Amino acid sequence: MEKLSTNVLRDMFRDFFVSKDHYAGESASLIPSEDKSLMIINSGMAPLKPYFSGAQTPPSKRMTTCQKCIRTNDIENVGKTARHATFFEMLGNFSFGDYFKKESLEWGWEFVTEYLKIPEERLWATIYENDEEAYDIWKDVIGMPEEKIVRLGKEDNFWEIGLGPCGPCSEIYYDRGPEWGCDSPDCKPGCECDRYMEFWNHVFTQFSKEEDGSYTELDHPNIDTGMGLERIACIMQDVDSIFDIDTIKYSRDAITDMAGIEYECGDSKKDISVRIITDHLRSMVFMVGDGILPSNEGRGYILRRIIRRAARHAKLIGITDPNAMTKLLETVIEVSGEAYPELVEKHEYIKKIIKIEEDNFARTLDKGMEILEGYMADMKKSGSMELAGNLAFKLYDTYGFPVEVTQEILEENEMTLDMDGFNENMNHQKNIARAHQRSTEEEAWRDASGYTELPHTLFLGYSDNIASSKVAYIGDYDKERRFIITEETPFYATAGGQIFDTGTISNGEDIIRVVDVEKDNGIYLHVIHPEDTNALNRIQVGESVELQIDSIRRHNIARSHSATHLLQKALQDVLGDHVLQAGSYVDDKYLRFDFNHFQPVTTDEIKKIEEVVNEKIDKFLPISMKEMPIEEAKKMGAMAIFGEKYGSMVRVVKMGDYSVEFCGGTHLNNTGMIGSFKITSESGIASGVRRIEAITGTNIIKYLVEKETTINDVAEALKSTNKDVVKRALQLVSHNKDLEKTIKELKAEEILGSIDSILNSAVEVGEIKLITKKFEDTDIEQLRKISDAVKAKTAGVVMVFAAINDSKLTFITSVSDDLVGKGYHAGKIIKTVAAAAGGGGGGKANMAQAGAKDISKVDEALDKAIEAVSD
């Protein structure tokens with residue numbers, strides 16, 4: 001079999017399943033977008049859970065992805081073995097109630113044997129012990145010998161997590177050869193030795209596990225497969241481990257070059273360190289590229305632990321550069337940047353974040369190691385082999401030592417750690433920390449200890465754009481920006497779908513720009529532009545300052561927000577009372593409104609909705625805002641957001657007698673100030689959830705200017721006036737169709753007139769006449785007519801034609817009826833032909849069609865026809 005690079009394998013997998021009508025999805029971010037049960041994406045199907053559960057509608061019932069994943073449950077084994085890794089890429093094909101076992105296994109076998117060309121004698125399959133359907137497919141459809149189909153129990157070949165969807169699975173194994181095996185005569189997949197490598201798992205989600213332990217059949221079973229890219233690369237490149245495949249070895253070699261050592265030259269400890277750095281480099285680059293920042297909690301802590309663990313092992317192998325990771329990460333981006341362009345786009349940002357963490361760790365590593373070595377020396381003197389938990393916590397809290405690194409160092413010295421004592425100290429610190437902590441990575445940097453006891457900030461922004469107040473606190477927001485807290489503020493903090501205000505804060509001498517505002521447990525944090533840090537440093541706590549919002553921006557935001565209220569009521573008027581808000585976002589540029597609805601909103605309905613909203617704008621309805629008891633608000637008929645929790649007192653926004661809603665945002669004085677309203681898009685974002693985006697006020701003027709410019713450009717290109725541009729375009733389209741029809745007719749007459757020459761080009765292959773021919777600018781329908789004309793003149797003929805149209809390559813195979821009766825099959829022939837040009841397809845015995853991607857190999861593919869008809 002041909003040795004294939006990792007990047008080529010990724011593309012081959014995607015292209016193969018695209019040829020099977022799968023939608024090729026991009027890899028999701030490592031940060032789960034909606035799944036609160038996951039800290040980080042750890043499997044190919046994890047981002048697709050909403051599709052499997054029916055919560056969202058997939059872009060296609062068939063999908064294929066290559067998903068970047070992080071798993072750290074066995075991080076302590078990374079490096080110690082050549083199998084474990086924290087970062088990997090998972091290839092997968094998925095069916096959401098479309099195809100099932102037969103197609104999944106057949107296509108899997110086709111890809112492995114016909115595309116990757118792995119010898120069949122090296123392949124084995126496992127099935128769940130009671131899955132007779134999968135057994136029959138492997139045995140009778142695919143043709144695998146019975147002795148190579150291994151039945152395994154529930155622990156190995158049945159996927160389930162608690163209650164809900166579950167099902168059996170079937171795995172494809174590669175036989176690495178007896179030199180990797182044990183001496184057992186019964187050695188086969190399922191054996192603990194290294195001979196058989198599982199590389200592709202096909203999960204058949206066909207049951208639902210009920211509370212009583214029983215299993216019921218799903219109405220629409222699903223397919224979820226996973227094949228580790230690194231693992232299949234090991235097989236295709238005939239190497240011993242993932243650290244030897246081309247993309248990973250590229251980083252590994254750079255590490256050993258920097259350290260001035262060789263890999264696998266007798267020093268097992270150095271080999272472990274090299275593998276740890278190699279693996280962790282990939283993880284840190286992808287994690288930072290997806291927006292994860294080092295912190296002391298959650299996925300931010302995973303990243304910090306990975307960076308610091310790699311940095312420590314770099315020192316162990318003699319790398320003295322404190323920014324080794326910052327330099328070595330270039331190797332990851334070089335080999336992965338084409339597949340993941342976000343790495344190239346965020347190149348400098350990734351370097352910056354990792355360098356900051358390296359620098360921070362370098363400042364504390366030597367001191368921390370000195371202290372730990374002192375602890376270990378004291379332990380040896382006292383005869384103790386266990387480090388006290390409070391001492392490990394001090395290393396963690398004061399010197400930034402991840403506890404796992406402390407454990408690792410202790411283990412290297414045959415010592416242990418009192419984890420119960422460490423956790424007790426950790427919990428004590430959490431209990432005395434501030435009560436509310438945002439679950440974002442940036443907050444992990446923030447110094448919040450100084451403001452948690454402050455009184456809530458008094459918000460004046462409902463009535464005032466400018467206010468004077470005293471500074472209550474100044475602190476660090478993240479590594480670049482600082483924030484200021486005042487006793488009162490006119491600045492709105494992001495909440496309820498409305499974006500924050502911007503503006504300035506001044507003490508009369510220095511002016512600082514506010515670029516973000518957020519509310520933390522009732523306290524408003526005004527985040528300052530990084531360039532204004534020096535000016536902020538000259539402002540003192542207790543000093544009086546003037547706060548002024550950008551009033552024009554605020555008015556534009558208020559336009560969007562007030563229009564959103566009118567939109568929700570108009571949606572109910574036009575579409576029905578079932579419409580409920582599912583989410584919203586408003587800023588100074590546009591508004592976005594998500595709502596429950598069972599089908600796309602039609603063009604006529606959109607037009608009607610716009611008319612209703614603009615009618616209410618033209619009426620200049622008064623807008624009132626009032627706080628009142630929640631029961632009183634409910635009696636008024638005020639709309640609440642489903643799932644939102646409200647206190648006993650609520651703020652109600654009323655627009656004439658038309659719209660009444662609970663809302664804490666900022667609004668206009670009357671609807672006429674919105675100016676006008678225009679819907680720019682409508683789409684589905686989940687099952688039963690639609691999204692409308694719209695603009696208001698002067699943003700509509702900008703929108704119209706862009707449209708006018710486009711119309712002017714089109715009119716000029718068509719040599720028409722703006723008024724007649726549609727008429728002129730329709731004339732050209734009609735004329736073009738007439739020309740295409742004439743050309744096609746002439747082409748057909750020309751080709752049909754050359755049927756005899758086409759027949760004369762046939763070559764004898766055994767009992768058949770084989771005709772192969774390449775056509776330019778000829779559609780498939782014309783080729784079908786040619787094949788019919790040839791079969792009308794002669795029998796015993798097989799035709800394989802290739803059509804090239806606008807850089808698109810298509811093959812068609814036609815077999816005369818007499819040869820079909822003898823077992824010749826157009827669908828089988830075309831598979832061999834198309835595969836040579838990177839394509840695939842199929843069809844009936846007498847006629848088949850296939851697409852292909854590599855036009856440069858069209859002649860090579862046609863040559864394969866002789867081989868195909870000879871089989």
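Modeller: Accessible areas here come from the Shrake-Rupley method with a 1.4 Å probe. The model is predicted.

Biologist: What share of the area that the protein chain exposes do carbon and sulfur atoms supply?

Modeller: The protein chain exposes about 41,600 Å². Of that area, the part supplied by carbon and sulfur atoms is 48%.

Biologist: What percentage of the residues in the protein chain are buried?

Modeller: A residue counts as buried when its relative accessible area is under 20%. The protein chain has 871 residues, and the buried ones make up 50%.

Biologist: How far apart are the end C-alpha atoms of helix H8?

Modeller: Helix H8 covers residues 268-289, which is 22 residues. At 1.5 Å a residue the helix should span 32 Å, and the model agrees, with its end C-alpha atoms apart by 32 Å.

Biologist: Is H8 largely enclosed or not, and how many of its residues are buried?

Modeller: H8 is largely enclosed by the rest of the structure, because most of its residues are buried. Out of 22, the buried count is 18.

Biologist: Which residue has a side-chain oxygen that reaches the backbone nitrogen of Lys269?

Modeller: The contact lies at the start of H8. The two atoms come to within 3.3 Å, and the oxygen belongs to Asp267.

Biologist: Which strand is joined by bridges to both S30 and S31?

Modeller: Strand S30 (residues 808-815) runs antiparallel to its partner, with 6 bridges, and Thr810 has Gly851 as its bridge partner. Strand S31 (residues 840-843) is also antiparallel to its partner, with 4 bridges, and Gly841 stands opposite Ala850. S31 forms a hairpin with 3 residues between the strands. The partner joined to S30 and to S31 is S32.

Definitions and conventions:
Residues are numbered from 1 along each chain as its sequence is written. This is a predicted model: local features need pLDDT of at least 70, side-chain atom pairs count only at pLDDT 80 or more; totals for chains, interfaces and linings use all residues. Side-chain values use heavy atoms; hydrogens and water are left out. The expected span of a helix is 1.5 Å times one less than its number of residues. Buried means under 20% relative accessible area, exposed over 50%, partly exposed in between (1.4 Å probe, protein chains only). A polar contact is a pair of N or O atoms within 3.5 Å; within protein, one must be able to donate a hydrogen and the other to accept it, and residues adjacent in sequence count only if both atoms are side-chain atoms. Two strands pair if DSSP finds at least two bridges between them.
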